[in-house]
Amino acid sequence: MFISSKARAIKPFIVMDVMARAEELERAGEDVIHLEVGEPDFETPEVIRQAALEAMQAGKTHYTHALGLIELREEICRYYHREYGVVITPERIMVTNGTSPGLLLLMMAVLEQGDEVIISNPHYACYPNFIRAAGGVPVEVRTLPEEGFQYRTEEIQRAISKRTRAILINSPSNPTGIVMEEKNFRDIAEFSQCWIISDEIYHGLVYEGRARSILEFTDRGFVINGFSKLFAMTGWRLGYVIFPEGFSEVMKNIHQNFAISANSFVQWAGVAALTKSWPDIEKMKATYNERRLYMIRRLKEIGFRLHHEPTGAFYVFADARNFCSDSFKEAFHIIDKVKVGVTPGIDFGSGGEGFLRFSYANSLENIARGLDRIEEYLLKRSRC
Ligand code: PMP
């Protein structure tokens, strides 16, 4: 059977292997605690669900404009204006079925075969695949735990070539939970020969200070964002791309051809999310923050090193190098011995080796039980 080399090159997430093992154990009756998950444990707020039902009942079941419902795009403009003081117009927004397809279509719009895109190492596991699928070449720049995994301008400079088309940034970051400093935005915006693609999907989930949007710093910025994380809407598949002026026509054509439009009633739910769900979001945020503080304290007590405390998303990327050099093996030991799912750092590139990603998208009670088990596991292990 012929399968293209492009398709074969796409590797699964390693965390999926951990999750498969977790499921196996659960089927065998074990009580597994999931600290590996990358999605909110909360239900989508009621006002959002209600809006989708109403839209369906009202017959909003047809294709929409290729760039998305004007009502939703206008709300996104207002949201970006309120949060970041930037003025964008609906023509600069394309609403997609999740952030992921938005990123793929955006890569198609900016990359020629062989064009390079700079990404950090560690990075969100899927980035290289998006770049390669659009004919591009990911170029990794190492970021260091001691520096809060912030990009170093000199390292970016070194990685820049004639083929560099874009620099990809992600703040708050998956896997590190770290929010990028303003200085970093300013420095990166100075690279005037390329686009800056900013993955802002964890915006809103920031517990100290605030996240900045790339649009505050340059008009060469692309934003990808979506409703999965902040609004607990992973299964709805709703995201968007904000692009510089001049891309409107091309993005419309791309989306018309490859997706036609995002789901119509889901887009109406998106309008409700941006206009009516803020009290629910505040509650979820306060709960995440409580869990974050607890998890940070416990992980440190147990013996993990946190060079910089994460202030965003719902992850803690803990340095386990004191007792582990192979994060893949360690994650499997942990799930097999004490039935706690964690994500191996190597899933996010070689720069993540020796780290484990803990998600606090789980109840405080489960987090406490999971960390108790890991503590016990490490105590026993150090005695061997
Ligand atoms: N970017 C990052 C950094 C993510 O963590 C995720 C989800 N895990 C996505 C993009 C994609 O999100 P979605 O397609 O659900 O909008």
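# Talking through the ligand and the chain

Modeller: The ligand takes up the space of the largest pocket.

Biologist: What makes that space a pocket?

Modeller: A 1 Å grid is laid over the protein atoms alone, and a pocket is an open set of points with protein on both sides within 12 Å along at least five of seven lines. A molecule sits in it if more than half of its atoms lie within 2 Å of the grid points. Keep in mind that this is a predicted model, where local features need pLDDT of at least 70 and side-chain atom pairs pLDDT 80 or more, while totals for chains, interfaces and linings use all residues. Residues are numbered from 1 along each chain as its sequence is written, and side-chain values use heavy atoms, without hydrogens and water.

Biologist: Which residues are closest to the ligand?

Modeller: The closest are T99, S100, D199, S228 and R237, in a shell of 13 residues (each with a heavy atom within 4 Å). By class, that shell has 4 nonpolar, 6 polar and 3 charged residues; Asp, Glu, Lys and Arg count as charged, Ala, Val, Leu, Ile, Met, Phe, Trp, Tyr, Cys and Pro as nonpolar, and the others, Gly among them, as polar.

Biologist: Why is the pair between S100 and the ligand called a polar contact?

Modeller: The term needs a pair of N or O atoms within 3.5 Å. An N or O atom in the S100 side chain is 2.5 Å from a ligand oxygen, so this pair qualifies. For R237, the distance from a side-chain N or O atom to a ligand oxygen is 2.8 Å. The protein covers 91% of the 400 Å² of accessible area that the ligand has on its own (Shrake-Rupley method, 1.4 Å probe).

Biologist: How do you know that E208 and R292 form a salt bridge?

Modeller: A side-chain nitrogen of Lys or Arg must lie within 4 Å of a carboxyl oxygen of Asp or Glu. Between E208 and R292 the N to O distance is 2.9 Å, so the pair meets that limit. The two are 84 residues apart, with E208 in the loop between β6 and β7 and R292 in helix α11 (DSSP runs: helices, H or I, of at least four residues; strands, E, of at least two; numbered from the N terminus). The structure holds 25 salt bridges.

Biologist: What makes F149 worth a look?

Modeller: Most residues other than glycine have a negative phi, and most peptide bonds are trans. F149 is not a glycine, yet its phi is positive, about 55°. A cis peptide bond joins N121 and P122, with omega about 15°.

Technical notes:
A polar contact is a pair of N or O atoms within 3.5 Å; within protein, one must be able to donate a hydrogen and the other to accept it, and residues adjacent in sequence count only if both atoms are side-chain atoms. On a 1 Å grid over the protein atoms alone, a cavity is a set of points where a 1.4 Å probe fits but cannot get out, and a pocket is an open set with protein on both sides within 12 Å along at least five of seven lines; lining residues have an atom within 4 Å of a point.
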